[in-house]
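Trainee: Could you take me through one strand in close detail, and then show me how other parts of the chain compare? I'm new to this, so please go step by step.

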Amino acid sequence: MVHSGGLLTPQEKSVPLKSISVTLSICEFVAGVSATLNYKNEEEVPLEAFFIFPMDEDSAVYSFEAMVDGKKIKAELQDKMTAHTSYESAIIRGHQAFLLEEDMCSRDVFCCNVGNLLPGSQAEVTLKYVQELPLEADGALRYVLPAVLNPRYQLSGCSKDSCLNMKTPEVSLEDLPYTISLVATVSSQHGIDRIQSNCSLSPIEYLGDNKTSAQVSLADGHKFDRDVEFLIYYSAVHTPSVVVEMGEPTTKPDGVLGDPAAMVTFYPNIPEAQPSIACGEFIFLMDCSGSMQSPMNKQRKSPLRIEVAKETLILLLKSLPLGCYFNIYEFGSTFETFFPNSVEYAQSTVEEALRRVKLMRANLGGTEILTPLQHIYKQPSVPGHPLQVFVFTDGEVTDTFTVAREVKSHYLRHRCFSFGIGEGVSTSLIKSIARVSRGTSEFITGKERMQAKALRALKRSLQPVVDDVSLRWDLPDGLSAKMLSPEQTVLFRGQRLILYAQLTGTMPPAEATGEVCLKYTLQGESLENKVTFSLQPKLDANLTIHRLAAKSFLQIKDMGLRETTAGDKKDVVKVSMECGVISSHTAFIAVNKDLNRPIQGPLSPRDVPRPLLLRAAPVVQSFPQQKCGQWRQRRHRREKKCTSLSEGCPEKTKPCGSAKKTSVETRGPVVQDNHLVELISLQKADGSWDLNEGLALVLGMKLEDIQAALPDKDANSSSWATVLAVLWLHDNAKDMECEWELLERKAVAWIRIHAGSVRHELVKAAIALTKSSVDPAIFGP
């Protein structure tokens, strides 16, 4: 099931949403977004509406306003409980009121109440936010405008107050009554190489001599049936930089906004190093809930999520190093482990794991991810083997704060590498569990290959630990830097690092410069990266860097309405209110006091329908009907007060709809050339291949011909088979080398140990037999 953003009422009635317009401005690797939703009440009764929409976890929402019949109503950020009281009081008094807040269970979902929309009235609701853009492995910057809200599983024992437990009607894409438009401007001093999207675009217009800016928009007729994604490629992207932004002098002198703020970007030049002897304990947590039966994308014959996940898991198993320990969990409403405890990586244990992987099905109901995580943390550690947890899920979980809190409480003993599969995945879940455990997160959408991103994470998990990470500032006398970002303790090779600092003291003349140095230690060697920058602050009316710095702080301290400690809550509210960036403890409230009409009975509810999209097959788990508790309690209290002002108020409201995952017909797995998967499946745990019919089939040869071509009849047949397999990888799957690099490295190491003096002869004969153009140097000198 997929929810699109739109005005909803708690009773699930329609409100006519006419259009959604988005203005996107991307400068270097920061996006500024202004999104306006246009509504019109064509009914003869006043309305109270409920608007639910997805946001990226990294979005710093700093502005919310409404334009009603030509009058602009600017919202104020308040303590959340105070904002709730103000909203209810305004509605009872007949005022028009607007309330915007994070969902209490997840940072990537927002709720908006629109109260007292009069007959014939038009309303424009506009919110603004900024966010850092993640950097992909190929150098692309990714921007995603979330459009899809999947129903999320309610964790056992957790609050049912989330607005995600509501349901909305469905219509076909052809009957969807609203449209979306998006205009984007992209700029970079380094020049723009190209822009790609998963949606149809108008012709891209490049500006400037070196293509330093570009304008593009969604093609006409686009429906909000998928997340809108842009990939931006700059001519140069791995350039360290420091940008200093002017503060707001009218704010408190000891606050975050008053002084200039610096945004520091490093691309640490960490040399490639051999993995340490302690290989680690690897736990793979695989989502087998019903929603994993959905296709990876909306293309015809798209493979199912569960099938791609299984292939990825096989690849990971084959790429693990000798000497490590591993286990696999499959989870849904319940969970199962392949082994009672983590087992040593050996041929027998790998064979058993592969047998179980091939039997995996997306038939375990809902996404109860908290319970298997708790089970993992209760298991005894394997001495000398640091724990690395890999989580694969489509992220359909309501209470992401509770899950993140559990992961954070064990961050000293493990790292978590998380993968969000498909559109509508909870960015809050995927990014939070990686961030609090010092791991990394990846998202797989459209036609992207999960295997490549999983192997990139595995390589990072095998990297030697970078120690003694510190930042040193060299600034003029009278000026100092105070870090706003959390302490950085983990660095990965090839990863971008963004830090924020507040510059306090006396700003020097315009021509003055400063220097910042990132220092760290790798395997006993001290390394550093430096960047010199201008201390002349730039003026930005939106205070973009200050807002991003505040968001960076809030993401670490703010663990939700129920999970945040008292001390952290105080800091969260202070920074949120001061910087105007919403948190789970604050909310935007706007009241139009010009409208002052007593409520005549309850406000009438209406719905905006959502598009009917391809979804998973029926789920075994049933989802009971649930109320949106906190919202309902506020509404019920107001209706009881309402009876003293007017007639006709009902005694109680109807419960919210179920979060049940409905079903549509699914498409079966795609029939495709799986020779690479078959070859990888045949590899043994030590990195070698046996010479058998299975290998011959992949090589496209007869087994007897391969045996006859063995140059030395006394040579080990497994050495001959392994050389041929490695050549096949280079000849037939070179474009996917990042996926098989680790298992090939293990195979070459095995050959050098076991082939002995005939190694060069075997390589020469194999190249001749296969007519390969591969350089024999890949097997070593």
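Mentor: Sure, let's start with strand β21, residues 261–266: 6 of its 6 residues are buried, so the rest of the structure largely encloses this strand. Keep in mind that we're looking at a predicted model.

Now look at the two faces of β21. On one side you'll find Ala261, Met263 and Thr265, on the other Ala262, Val264 and Phe266, and every one of these is buried, which leaves both faces covered.

Next, who are the partners? Strand β20, made of residues 241–245, is joined to β21 by 5 bridges, and the two run antiparallel. To find your way in that pairing, pick out Met263 in β21: Val243 stands opposite. β21 also pairs with strand β31, residues 497–505, again in the antiparallel sense, over 6 bridges. Here you can use Ala262 as your marker, with Ala501 in β31 as its bridge partner.

With that picture in mind, move to strand β6. This strand covers residues 60–68 and is mostly covered, with 8 of its 9 residues buried. β6 is joined to strand β11, residues 122–132, by 8 bridges, and these strands run antiparallel. β6 pairs with strand β7 as well, residues 71–74, in the antiparallel sense and over 4 bridges. Glu65 is a handy residue to click on: its bridge partner in β11 is Thr126, while in β7 Lys74 stands opposite Glu65. β6 and β7 make a hairpin with 2 residues between them, and Asp69 in that turn has a positive phi of about 50°.

For a pairing pattern you can trace from edge to edge, go to the open sheet of 3 strands, in the order β29-β32-β33, with antiparallel pairing. The edges are β29 (466–474) and β33 (525–534); each has a single partner strand, so one side of each has no neighbour in the sheet. On average, neighbouring strands in this sheet are turned by 15° against each other, ignoring direction. Zoom in on β32, residues 513–522, and you can follow 10 bridges to β33, with the two strands running antiparallel. One position to check there is Thr521, with Ser526 of β33 standing opposite.

Let's turn to helices. Helix α5 (residues 400–408) packs against helix α6 (residues 427–436) at an angle of about 15°, and their axes are 9 Å apart. That angle makes α5 roughly parallel to α6. The crossing of these two helices is right-handed. On the α5 side, the contact is made by Thr400, Val403, Ala404, Val407 and Lys408, and on the α6 side by Ser428, Leu429, Ser432, Ile433 and Val436.

Last stop: the cysteines. How many disulfides are there? The count comes to 0. Take Cys324 as an example: the closest cysteine sulfur, in Cys279, is 6.2 Å from the sulfur of Cys324, which is too far for a bond, given that a disulfide needs the sulfur atoms within 2.5 Å. Cys324 is also buried, with a relative accessible area of 0%. Cys579 counts as buried too, at 1% relative accessibility.

So, back to where we began: when you look at β21 again, remember that its residues are buried, 6 of 6, and that β20 and β31 both pair with this strand in the antiparallel sense.

Technical notes
Residues numbered from 1 in each chain as written. Predicted model: local features only at pLDDT ≥ 70, side-chain atom pairs only at ≥ 80, totals over all residues. Heavy atoms only, no water. Buried < 20%, exposed > 50% of the residue type's maximum accessible area, 1.4 Å probe, protein only. Pairing = 2+ DSSP bridges. Axes fitted to C-alpha atoms, helices over the stretch in contact; angles between N-to-C directions. Parallel < 35°, antiparallel > 145°, perpendicular 65-115°, else oblique. Left-handed = near helix turned anticlockwise from the far one by under 90°. Contact = heavy atoms within 4.5 Å.
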